[in-house]
Every structure is written in structure tokens, then in C-alpha cells.
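Subject: Structure handover

Hi,

Here is the structure I promised to pass on. Please open it first, then read my notes below.

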Amino acid sequence: MATLSYNTLDSLDPRGKKILLRADLNVPVRDGAISDLTRIERLAPTIRELSDKGGRVIVVSHFDRPKGKVVPELSLAPVSEALAKVLCKKVTFVPDCQGKVAEDAAAAMQDGDVIVLENTRFYAGEEKNDPEMATNLAALADVYVNDAFSAAHRAHASTEGVAHHIPSFAGRLMEIELNALEAALENPERPVGAIVGGAKVSTKLDLLNNLMEKVDMLAVGGAMANTFLAAQGYSVGKSLKEEDMLDTAREIMAKAKARSCDLVLPVDVVIAEDFMAGAPTQIVDVTAIPDGWMALDVGPKTTALLIEKLVGLKTLVWNGPLGVFELPPFDEGTNAVAQAAAKLTDAGKLKTVAGGGDTVSALRHAGALHEMSYVSTAGGAFLEWLEGKILPGVIALGEAGREVAPL
Ligand SMILES: Nc1ncnc2c1ncn2[C@@H]1O[C@H](COP(=O)(O)OP(=O)(O)O)[C@@H](O)[C@H]1O
Ligand SMILES: O=C(OP(=O)(O)O)[C@H](O)COP(=O)(O)O
């Protein structure tokens with residue numbers, strides 16, 4: 001868990017400066033409405049500080065994965081409205097993040113103003129870390145502040161490239177996340193267990209390889225588990241799985257055996273034919289998922305097994321819900337395990353560090369959020385940090401920041 005030096009807001013006088021603030025406004029959405037405000041609430045103090053001190057705050061963020069195309073449903077306009085409500089302050093939405101529209105909006109700002117630019121991932125250059133896009137973003141501002149720890153594992157134009165052009169600083173949330181995770185997990189009390197679930201199989205499955213070296217128990221749930229079940233030769237019906245990653249899953253299973261890491265996979269699942277509330281469900285062993293059905297939650301035997309495993313741990317890290325918690329009854333596994341973790345934490349028997357946009361939402365849904373020892377806004381970034389990687393967005397603050405003349 002390496003750390004790097006970086007400038008913080010303590011060394012920035014924001015007055016009169018245009019500040020490009022990389023936030024993570026990738027909030028969970030359900031039925032078209034924002035279902036959890038945690039990322040916005042955790043970001044708000046940085047914006048308030050910069051704006052109250054006379055900075056001109058240009059918020060930039062991605063939202064979901066539009067893959068370089070303009071997808072109107074993935075506009076940041078509604079998130080900008082939610083930000084204004086949390087800040088109790090006028091926030092102007094700007095319908096582009098580079099080019100004339102963004103340049104004019106930045107040029108018209110007064111001290112203390114806050115604007116939100118449109119989704120950076122509407123441009124393919126964002127995820128390619130295109131130098132031209134990074135230059136365009138940097139040209140909007142005098143300084144760059146990265147407060148998006150949860151996107152710091154992505155080397156994108158707005159998280160990495162831009163820091164090479166203008167003086168760069170870590171925002172307050174970035175600072176808090178890095179310090180809190182280090183304090184909680186630098187020398188964790190063993191045994192350490194990890195629960196990894198959720199749906200971002202292609203980006204998270206690979207990192208289990210390294211994570212396994214850091215933990216004594218690794219439990220895999222959610223859609224992530226389906227790939228492991230398929231890799232074991234079980235049919236998973238039409239469950240979400242990653243065909244390309246079956247070999248990686250096999251590698252991870254073999255490595256767990258060789259390293260005596262306790263790899264816990266579901267033994268039973270809750271299945272449905274349709275992805276909707278009220279659809280008929282069944283509980284089946286993982287060996288008996290019928291064609292045309294989907295595993296949407298861990299089953300009761302798996303839930304009991306996971307709770308039993310928790311009792312033997314001193315430290316738990318958790319990213320990714322165990323099922324489609326947004327759609328009851330597929331929230332039951334996540335709820336039960338979260339409540340058990342909360343109880344053990346409350347009793348002082350377990351330290352729990354959980355993170356991820358949807359994980360936070362799931363823990364809140366389970367009524368277990370406030371018992372966690374630390375809650376990070378980050379999921380994938382948190383897991384990569386835990387692997388021992390220095391995240392590109394953090395490296396850029398430490399090293400690229402020194403390539404440009406200081407203020
Ligand atoms: N078995 C499953 N099949 C499909 N989706 C699942 C399954 N289990 C969990 N999910 C979904 O995973 C999503 C969260 O995954 P992810 O984005 O990786 O978590 P986080 O944002 O906390 O890092 C949730 O929207 C949830 O519905
Ligand atoms: O929601 C996020 O990460 P998370 O789902 O791991 O918590 C971040 O906004 C990063 O999003 P990405 O995984 O599409 O790059």
C-alpha cells in the first residue's frame with residue numbers, strides 16, 4: 001500500500017482562480033432517479049471550501065459508461081441539480097466539457113461560482129487519455145484539483161492526462177480517502193477477509209489474483225461469482241458472466257488452493273427467469289441452474305456460510321453487492337451478510353472497510369452503513385489500492401504535478 005506525496009488544498013489560494021475539479025459524480029441511479037447521494041455529499045466540502053474562498057469551480061466528471069458517444073440519458077444535468085441542492089448554492093450546468101461552449105462558460109465565471117461540465121465519457125478521448133482532450137480540459141482552468149479517488153484507478157484524460165499541464169492538488173475527499181484507508185488497512189489485524197461482488201466483472205475479476213495474496217479469505221458473490229461457477233463447468237443459464245474470463249477465474253481458483261487462501265464461492269443461488277420485481281423465483285444449488293434462468297442473489301446456504309466466515313475474521317473489506325439488491329427479494333443475501341458484519345463491528349469484534357458506489361447504497365439499504373468502521377466512496381479504486389497499486393490519478397498528482405511550474 002504505497003503512498004506518494006502530493007500537494008493539498010492547504011497550499012492553494014483559490015481566490016480568483018479557475019479550478020478544474022475532477023469529481024466522481026457517477027452516482028447510483030434507480031428508475032431514472034439518483035438513489036444514493038453519498039458521492040455528492042462527500043465531495044461537497046471541497047467545493048464549498050474552494051468556492052467560499054473565492055475560487056471559480058469547474059466540476060468535471062464521467063457518468064456511467066457511454067463509451068465515447070453522446071447518450072442523452074447519461075447526461076450529468078440531473079446530477080448537477082442534485083449537487084446544487086446538497087450545496088444549497090446555484091450550480092450552472094454546461095452541456096459540453098471541452099470546446100467553445102465549455103471555454104465560454106469558464107471565461108464568464110465570477111469568484112465563488114460553481115459550474116458542472118457534461119459527461120467526459122461522451123468523448124472517446126477521455127478513456128484513451130487523449131493528449132488533445134487533456135490539453136483542452138487544462139486550458140479551461142488555472143489549476144487542477146482531483147477529488148475523485150473512486151476514479152483514480154483510471155488513467156483517463158480528466159483523471160491523469162490533465163495533471164501534466166497545470167499545477168495539481170489533491171482535493172479534501174481524495175486526501176481523506178487515502179489517509180483513512182492507510183490508517184485502517186496498513187497493518188490490518190488478521191485474519192483478513194474480502195467480499196467481492198457486484199457486476200463489473202471484466203474490470204474487477206483480474207485484480208482478485210493479487211488481492212488473494214493480501215487476504216486470508218476471499219468470498220466472491222454477485223455477478224462476479226457466475227464466471228467462477230461457469231469456470232467450474234456448471235451451467236449458469238442466462239446469468240451475467242464474462243466468457244472471456246473463464247481462464248482467469250480458473251487461475252484464481254488454482255492459486256487459492258496453492259496459497260491456502262480460503263476462496264468462498266456460492267453453493268446455492270436465488271434464480272429468476274425475468275429481471276423484474278415480482279418475477280417468480282427459485283432457490284437452487286449452483287449445480288442446478290436451469291437454462292433460461294439467471295442467478296440474481298446468493299442463496300440461504302451461502303448466506304449462512306458467509307456469516308459463519310465473518311465470525312472468524314478480525315478485518316473485513318467489502319466491495320460489490322452479493323445480488324441485485326435494488327430488486328427485492330434479490331437483496332436478502334446482501335442484507336443478511338451486511339447486518340451480520342454490522343453487528344460484529346458494533347460489538348468491537350470486526351473492523352469493516354467497505355466501498356463502492358453501489359456497495360454504499362446496498363449497505364444503506366440493509367441498514368448497516370453507519371456501523372462500518374470506514375466507508376469509502378470507491379470500489380474498484382479501493383480494491384486496486386488494496387492490491388498495493390499506486391493509482392494513476394494519484395501518481396499524476398505527485399509526479400506530473402511537479403512537471404509544471406508551481407503557482
Ligand atoms: N447476480 C447478479 N447479476 C447481475 N447483477 C448483479 C448481480 N449481483 C449484483 N449485481 C449488480 O451489481 C451492481 C453493483 O456492482 P459494482 O458496480 O461492481 O459495485 P460498486 O459500485 O459498489 O463497486 C448492482 O447494481 C447490482 O444489481
Ligand atoms: O463507480 C465507480 O467505480 P465502482 O463501481 O468501482 O465504485 C467509478 O465511478 C469508476 O467507474 P468505472 O468503473 O466505470 O471507471
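Which of the 20 residues around ligand 1 come nearest? They are Gly-198, Ala-199, Gly-222, Gly-356 and Gly-379. Keep in mind that this is a predicted model.

**The shell around ligand 1**

Three elements give two or more residues each to this shell: helix 9 (222-231), strand 14 (294-298) and helix 13 (357-365). Helix 13 gives the most, with three residues. Sorted by character, the shell has seven nonpolar residues, ten polar ones and three charged ones.

**Three arginines from the record**

UniProt, in an unreviewed entry, puts the feature "binding site" at Arg-39, Arg-121 and Arg-154. I looked at two of these, Arg-121 and Arg-154.

Start with Arg-121. Find it in the loop between strand 6 (114-117) and helix 4 (124-127). Is Arg-121 buried or exposed? A residue counts as buried if 20 or more other C-beta atoms lie within 10 Å of its own. Arg-121 has 25 within that distance, so it is buried. What does Arg-121 touch, apart from its neighbours within four places in sequence? Its contacts are His-62, Arg-65, Pro-66, Gly-68, Glu-126 and Glu-127.

Now go to Arg-154. This residue is in the loop between strand 7 (143-146) and strand 8 (168-170). Arg-154 counts as buried because it has 22 C-beta neighbours inside 10 Å.

**Strand 9**

Next, take strand 9, residues 192-196. The strand is mostly covered, and five of its five residues are buried.

Look at which way the residues point. In a regular strand, side chains alternate between the two faces of the sheet. In strand 9, Val-192, Ala-194 and Val-196 point one way. Gly-193 and Ile-195 point the other way. Both sets are buried.

Which strands pair with strand 9? One is strand 15 (residues 315-319), in the parallel sense, over five bridges. Another is strand 10 (residues 217-220), also in the parallel sense, over four bridges. Gly-193 is a good residue to click on here. Its bridge partner in strand 15 is Leu-316. In strand 10, Gly-193 stands opposite Met-217.

**Where to begin**

Start at ligand 1 and find helix 13, which gives the most residues to the shell. Then visit the loops that hold Arg-121 and Arg-154. Finish at strand 9 and trace its pairing with strand 15 and with strand 10.

Best wishes

How values were computed
Residues numbered from 1 in each chain as written. Chains lettered and ligands numbered in written order. Predicted model: local features only at pLDDT ≥ 70, side-chain atom pairs only at ≥ 80, totals over all residues. Near = placed C-beta within 6 Å. Nonpolar A, V, L, I, M, F, W, Y, C, P; charged D, E, K, R; others polar. UniProt positions renumbered as here; feature names shortened; annotations may be inferred. Buried ≥ 20, exposed ≤ 12 C-beta atoms within 10 Å, placed from the backbone. Contact = placed C-beta atoms within 7 Å. Pairing = 2+ DSSP bridges.
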